[in-house]
Amino acid sequence: MVVFRCSSRVLRRIVDLMTATHELPTNVNQTSEGAQELTSAGVVAAGERLRELGAVLRLSENDALLAEREQVSDDETMIINMGPQHPSTHGVLRLMLELQGETVLRCKPIIGYLHTGMERTGEELTYLQGPTNVTRMDYAAPLFTELAFSLTVEKLLDIEVPERAIWIRMLMTEMNRISSHLLFMATNGMDLGAVSMMLYGWREREEALRFLQEVTGLRMNHNYIRPGGVAADLPDGWRDGVLRLLDMLPPRLAEYDTLMNQQPIWRERLQGVGAISAEECLALGVTGPMLRSTGYDWDLRRDMPYLAFDQVEFDVVVGSYGDCFDRYAIRLAEIHESMKIVRQCLEKMPKGDYRIQDKKVTPPPRARIDESMEALIHHFKIFTEGFKVPEGEAYVAIESPRGELGCYIVSDGSSKPYRMHVRAPSFVNLQSLPHLMHGSLVADAVAIISSVDPILGEVDR
Amino acid sequence: MTDVDAQDGEVDIPTEIAPETLFGTLLTRSHEQLVLHPTREEYAGLLVTLQADGYHSIIDLCGVDYLTNFSRELPPGITPERFEVVVNLINHREHARLRLRVQIPESDPVLPTAFGLYAGSEAMERETFDMFGIVFDGHPDLTRILMPEDWIGHPLRKDYDIGRIPVQFKGAPANR
């Protein structure tokens, strides 16, 4: 376990530097809330420099001094905008880069272009409508946000879903993890100019999505996992669909291995680029494959199991260098691990109900509506008013393809959440960009953004 | 951590006599999750203690506006205030989580930043500032993060009016 060593004198100095006021240039649009832009190097206080150079990660006194001396004069550097509509910024991420020649000195991610107030919207929707909203956050792995939301609501309701629902949820989320990582393979390839990899990645992802579509009816934004269970039972022939994918993927992943891992250009582009250490990851709150790429062995599925992950066998893959290549390789290996879990779900899938038979939460079966007035009223009530959730607050976290995905809900006893907050892994992981990019080449910036695998829908919510 | 583990098996003993504490802070349980209720003054000191105890990583920090829900359950001695900042910390070694709920009065919505200890709180505190207008004292770059920088108001406050897009011809008289 990591122990932070810090001398209080250095810390105090850094804090002093950080809070030091400084004059802002006139060309920055000043508002009551302050400017978001990266200010030019000449006018920022040394504190901000230190922050972006990683002072927050406890520079030793020597390093702090060096960082201060490293200041370059304004006319040697330039600040450029990358994005918000750059093809490889994965959506609308804007980066302000300060360059000296081709070297990135500082970087500031500016987000919010996709902000649609989903947390506010969540306060206006009932608990049953909630998943339709949260599923749109991480659009590459929508089932995970639905799962986090549903688990939190179930915790507040104090109900337990049937065994079969648990295993269906596991099967579906692992399938989703496969499709999400395949998407990463595709975009990562595209960002680095490996266009054939992009096509392969999309091709395989399409197959995974086809299975999700067979089960949920939609390719994405499924609204499949709901409080109380899942929306529908697995369709007839679902086993064939899973097996087809499990048979198809291994040779194709082997192809990736030949195409990418053993290719010198690919390795040159990724190895040693954007390295981060476990200490830095922990300090910055970074989770998921990024944290594991540093060799830190932490996976919520194994270490704080939810659903039935304590009943399946799988390995937690860790890297050793924390660079872009490790992050890529871990995701590739995680596809294999997810396939292991999916295979075990196939074997162990229990019979039974796919949703809880609790009249408070679950609408009556469709057939009952035709014959019973009470059932019709009940059905109507659940879908218009929604069910009431007892007062309280809870936080539940799961391991999404990008890291720890948590949902915090405060209930005031009504049928809508009083406050619904989603802890989005991409949002937190994005904080590491300035650190990853410092001192690297601008051409590597693209590789680094890509290796963080941010989904901007989730970042901005 | 030891006193928590020891009490896990006997949670049904009423704790009305002496409120439970952990790290010298009032402790409650919400659905088996441990929640600490530090005051604003205790907050910064508690974070130092927690980090030394192995809570190395900040997982989440968000705000809640309790404008219309002052009757919520809090341990005795904690006065409910309008805002709450909720911090989630994780201890990887003991596989434990802790949640901190800090009451922030409306008249003076200020809380010391956790940035010096947990660098990861940077974006989260900015988001809480953006959405609730809670100021984090000592934060190096407290600007709006999700909303445009010239935005007025803090959208997740309960008294923030949900915006409407004006619809053309909406006020015009109908044909009939």
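1. Residues 53-60 of chain A come first. In this predicted model, pLDDT stays under 50 across that stretch. The model nevertheless has 20 contacts beyond four places in sequence for residues 53-60. A second such stretch is residues 17-31 of chain A, where pLDDT also stays under 50. For residues 17-31 the model has 29 contacts beyond four places in sequence.

2. Now chain A as a whole. Its mean pLDDT is 82. A value of 70 or more is reached by 83% of its residues. Confidence is lowest in helix H1, residues 8-19, with a mean of 48. It is highest in helix H6, residues 142-157, at 93.

3. Next, a sheet in chain A. It is open, has 3 strands, and follows the order E6-E7-E8 with antiparallel pairing. Strands E6 (392-400) and E8 (417-423) are the edges; each has a single partner strand, so one side of each lacks a neighbour in the sheet. On average, neighbouring strands are turned by 15° against each other, direction ignored.

4. The pairing of E6 and E7 in chain A can be followed by residue. E7 covers residues 403-411 and runs antiparallel to E6, and 9 bridges join the two. Within E7(A), Leu405(A) is the bridge partner of Ile398(A).

5. What packs on this sheet? Helix H6(A) does, touching E6, E7 and E8 of chain A. The direction of H6(A) makes about 150° with that of E6(A). H6 is also the helix of chain A where confidence is highest, at 93.

6. The interface with chain B deserves a look. Here 47 residues of chain A are in contact with 35 residues of chain B. Several elements of chain A each supply at least two residues to the side that touches chain B. Among them are E6, E7 and E8, together with helices H2 (46-53), H4 (118-124), H11 (278-284) and H17 (425-429). H1 is on that list too, and its mean pLDDT is 48. By class, this side of chain A has 21 nonpolar, 13 polar and 13 charged residues.

7. Last, chain B. It has 3 helices and 8 strands. From the N terminus on, the elements run α-β-β-β-α-β-β-β-β-α-β. The chain has 176 residues, and 40% of them count as buried. Of its contacts between residues at least 6 apart in sequence, 55% join residues at least 24 apart.

Terms used
Residues numbered from 1 in each chain as written. Chains lettered and ligands numbered in written order. Predicted model: local features only at pLDDT ≥ 70, side-chain atom pairs only at ≥ 80, totals over all residues. pLDDT = per-residue confidence, 0-100. Helix = DSSP H or I, 4+ residues; strand = E, 2+ residues; numbered from the N terminus. Contact = placed C-beta atoms within 7 Å. Pairing = 2+ DSSP bridges. Axes fitted to C-alpha atoms, helices over the stretch in contact; angles between N-to-C directions. Nonpolar A, V, L, I, M, F, W, Y, C, P; charged D, E, K, R; others polar. Buried ≥ 20, exposed ≤ 12 C-beta atoms within 10 Å, placed from the backbone.
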